[in-house]
Amino acid sequence: MDLLNTLVDKGLRRELPTRDEALAVLATSDDELLDVVAAAGKVRRQWFGRRVKLNYLVNLKSGLCPEDCSYCSQRLGSQAGILKYTWLKPDQASEAAAAGLAGGAKRVCLVASGRGPTDRDVDRVSDTIKAIKDRHDGVEVCACLGLLSDGQAERLREAGADAYNHNLNTSEGTYEAITTTHTYADRVDTVQKAHAAGLSACSGLIAGMGESDEDLVDVVYALRELDPDSVPVNFLIPFEGTPLAKEWNLTPQRCLRILAMVRFVCPDAEVRIAGGREVHLRTMQPLALHLANSIFLGDYLTSEGQAGRADLDMIADAGFEVEGAGEVTLPEHRAAAGAGCGSRAETGCGPHAESDTGCGSHEGGGCGPCGPAAAEPAPAGTRVPAEARTDLVAVRRRGAGTDLAPNA
């Protein structure tokens, strides 16, 4: 396809595709899907080889969030039966992180529900960062605490944080339909604060909330303009008890097209498959490794993920390798551009891993069924209705905030 040849050439030159080209990727047919994956895979290998970065989430404070993000199981008014607990102590968080690091993760992502941290909360997280780094040489730490006030990003950086995550989640035009208690501009401001403080900025999106192709392209182009080092791609898990519980509209094929589009638009950024990959991609997860160079290991914030051992087997069986602690994740030109994560080999810092969430936790779900054998294939770009797979959504009952061993 001329389109794919053009996109590969642009990706290898770090040149921005046109909006029409990005939309065309999302409109490709199932017959063209492997060609799309192969083309985006060339761009991924140019900048990241066959390495896969492993990241591990620690949910420092779960549930009881005052924000009304419709996708989030921790939101105001959520009826989802998730774990609810207040701040973990530094030694508890360090113990939780140790399990993921022992499983091969090189980045620990510290996440807390809520609108944003108080200065006391920043002190708590600073103590936790110190506890983790004192115990584990070379570990990377990313914080995800919600909206930041002036000076807080600098304090986290001084405490040893390498990165900060705050996702845009969806396009500016549709943001008010998803969240009303803060604005899209608030989120942009927090990403910019992280950048300005010398933290490696991590910001991504959630797909599957009923958005259009145009919305997806809008948010990915906005991310390209913000220029985060890391772009986590989350797939909505429609938790029962949340406003988006009935949004089962993703198929594995659509998820792969979205990941390919993100790779073409952000060719040299760390692209992470985040919340919902197991539920939406299912057996197609190995193909997604040709598009993304980073995943979370084990469970997420409020939902269970694939077993950590299965993640490692999948990476090896697909012909990829786990990125080592001494390797810098980002390409040389990006790593040398600033003092953020991945900027200095001596720090061992790579990209910024993040949670599958912005201020709270969102984990996705849903997977498309196969149609009848005699059915005519849908025209290119036609959405195939997805089957609700509530059986694949499991609330996390182990790890941080419990007395049970984590899944890592």
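**Notebook: a predicted chain, looked up residue by residue**

**Entry 1. R282 and R14**

I began with R282, which counts as partly exposed at 26% relative accessibility. Here buried means under 20% relative accessible area, exposed means over 50%, and partly exposed lies in between, with a 1.4 Å probe and protein chains only. I note at once that this is a predicted model, in which local features need pLDDT of at least 70 and side-chain atom pairs count only at pLDDT 80 or more, while totals for chains, interfaces and linings use all residues. Residues are numbered from 1 along each chain as its sequence is written, and side-chain values use heavy atoms, with hydrogens and water left out.

I placed R282 in the loop between α11 (277-280) and α12 (285-288). Helices (H or I, at least four residues) and strands (E, at least two) are DSSP runs, numbered from the N terminus. R282 is not a glycine, yet its phi is positive, at about 50°. Most residues other than glycine have a negative phi.

I then turned to R14, another residue other than glycine with a positive phi, near 60°. R14 sits in the loop between α1 and α2. Its relative accessible area is 39%, so R14 is partly exposed.

**Entry 2. The chain as a whole**

I recorded 14 helices and 10 strands as the secondary structure of the chain. The chain has 408 residues, and 61% of them are buried. I took contact to mean heavy atoms within 4.5 Å. Among the contacts in the chain with a separation of 6 or more, 79% join residues 24 or more positions apart.

The chain exposes about 14800 Å², and carbon and sulfur atoms supply 49% of that area. Accessible areas come from the Shrake-Rupley method with a 1.4 Å probe; for residues, only the protein chains shown count as cover.

**Entry 3. Helix α2**

I asked which residues of helix α2 (residues 19-26) are buried. They are E21, A22, L23, V25 and L26. What covers these buried residues includes α1 (2-12), α3 (33-48), α9 (213-226) and α10.

A24 also belongs to helix α2, but A24 counts as partly exposed, at 26% relative accessibility. From A24 I looked back along the chain to L3: the two are 21 residues apart in sequence and 8.1 Å apart in space, C-alpha to C-alpha.

**Entry 4. Cysteines**

I asked how many disulfides a search of the whole structure finds. The search finds zero, a disulfide being a pair of cysteine sulfur atoms within 2.5 Å. I looked up why C142 has no such bond: the closest cysteine sulfur, in C109, is 5.1 Å from that of C142, which is too far. C142 is buried, with a relative accessible area of 0%.

For C202, the closest cysteine sulfur is that of C142, at 5.3 Å, again too far for a bond. C202 is buried as well, at a relative accessible area of 1%.

**Entry 5. Cavities**

Rolling a probe the size of a water molecule over the atoms shows where empty space is left. I used this rule: on a 1 Å grid over the protein atoms alone, a cavity is a set of points where a 1.4 Å probe fits but cannot get out, and lining residues have an atom within 4 Å of a point. Grid points are joined across faces, edges and corners, and a volume is the space filled by probe spheres set on the points.

By this rule I noted two cavities of 30 Å³ or more. The largest cavity has a volume of about 110 Å³. Its lining consists of 14 residues, and Y56, L57, R396, G399 and A400 lie nearest its centre.

I asked which element gives the most to this lining. It is strand β1 (residues 51-61), with four residues. The lining divides into eight nonpolar, three polar and three charged residues. Ala, Val, Leu, Ile, Met, Phe, Trp, Tyr, Cys and Pro count as nonpolar, Asp, Glu, Lys and Arg as charged, and the others, Gly among them, as polar.

**Entry 6. V188 and P238**

I found V188 in helix α8 (residues 184-196). V188 is buried, with a relative accessible area of 18%. Leaving aside neighbours within four places in sequence, V188 is in contact with L168 and L226. V188 and L223 are 35 residues apart in sequence, and their C-alpha atoms are 9.3 Å apart.

I closed with P238, in the loop between β7 (230-235) and α10 (252-265). P238 is buried, with a relative accessible area of 2%. Its C-alpha atom is separated by 9.1 Å from that of A388, 150 residues away along the chain.

Terms used: On a 1 Å grid over the protein atoms alone, a cavity is a set of points where a 1.4 Å probe fits but cannot get out, and a pocket is an open set with protein on both sides within 12 Å along at least five of seven lines; lining residues have an atom within 4 Å of a point.
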